[in-house]
Amino acid sequence: MGRKLRYLGLSERAEIERLHNGGAPAAVIAEKVGYHVATIYRELQNGYNGTVDEYGRRVYSAEVAQRTFERNIKSRGERAAAN
């Protein structure tokens, strides 16, 4: 039996947005939110809104990430309902 999947919620995504757009590195974000740093890197890719800040960093949007997550879950169909 595998481990139970744990998904990021909108409040966690909002915290990631606040920290990332404030300049925090992924390792610090992972520690504060309580997820593995690889999860944070994937999440930052999923929430990229198409713009960059004044330092050339991609801007993360919690709303974009949430919509991406919901679209991906919906496309999984019955598999997602079983988890």
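**Entry 1: rings**

I started with aromatic rings and found 1 aromatic pair in the structure. The partners are Tyr-7 and Phe-69, with ring centres 5.2 Å apart. Their planes sit at 55°, so I noted the pair as tilted. The cut-off for edge-to-face is over 60 degrees, so this pair doesn't get that label. A reminder to myself: this is a predicted model.

Where do the two rings sit along the chain? Tyr-7 is in the segment before α1, while Phe-69 belongs to helix α4. They are 62 residues apart in sequence, so the pair ties together parts from separate places in the chain.

I also looked up whether each ring residue is buried or exposed. Tyr-7 has a relative accessible area of 36%, which makes Tyr-7 partly exposed. Phe-69 comes out at 21% and counts as partly exposed too. Buried would need under 20%, so Phe-69 misses that label.

**Entry 2: the whole chain**

Next I stepped back. I counted 5 helices and 2 strands. Going along the sequence, I wrote the order down as α-α-α-β-β-α-α. The chain has 83 residues, and 30% of them count as buried. I checked contacts as well: among those with a separation of 6 or more, 49% are between residues 24 or more positions apart.

**Entry 3: helix α3**

Then I picked α3, residues 37–46. Which of its residues are buried? My list reads Thr-39, Ile-40, Glu-43 and Leu-44. They cover an arc of only 135° around the axis, so they are on the same side of α3. The general rule helped me here: an α-helix has 3.6 residues a turn, so residues three or four places apart point the same way.

On the face turned away from that buried side, I found the exposed residues Tyr-41 and Gln-45.

What do the buried residues of α3 pack against? I got three helices, α1 (10–21), α2 (26–33) and α4 (62–76), plus the strands β1 (48–52) and β2 (58–60).

**Entry 4: α2 against α3**

Last, I zoomed in on one of those neighbours. The axes of α2 and α3 come within 8 Å and cross at roughly 110°. That angle makes α2 roughly perpendicular to α3.

Which residues meet there? From α2 I listed Ala-26, Ala-27, Ile-29 and Ala-30, and from α3 Val-37, Ile-40 and Tyr-41. By class, this contact has 7 nonpolar residues, with no polar and no charged ones. Ile-40 had already turned up in my buried list for α3, and Tyr-41 among the exposed residues on the other face.

How values were computed
Residues are numbered from 1 along each chain as its sequence is written. This is a predicted model: local features need pLDDT of at least 70, side-chain atom pairs count only at pLDDT 80 or more; totals for chains, interfaces and linings use all residues. Side-chain values use heavy atoms; hydrogens and water are left out. Buried means under 20% relative accessible area, exposed over 50%, partly exposed in between (1.4 Å probe, protein chains only). Helices (H or I, at least four residues) and strands (E, at least two) are DSSP runs, numbered from the N terminus. The arc is that of the directions from the helix axis to the C-beta atoms. Contact means heavy atoms within 4.5 Å. Axes are lines fitted to C-alpha atoms, for helices over the stretch in contact, and angles run from 0 to 180 degrees between N-to-C directions. Angles under 35 degrees count as roughly parallel, over 145 as roughly antiparallel, 65 to 115 as roughly perpendicular and the rest as oblique. Ala, Val, Leu, Ile, Met, Phe, Trp, Tyr, Cys and Pro count as nonpolar, Asp, Glu, Lys and Arg as charged, and the others, Gly among them, as polar. Rings of Phe, Tyr and Trp (its six-membered ring) pair if their centres lie within 6.5 Å; planes under 30 degrees apart count as stacked, over 60 as edge-to-face and the rest as tilted.
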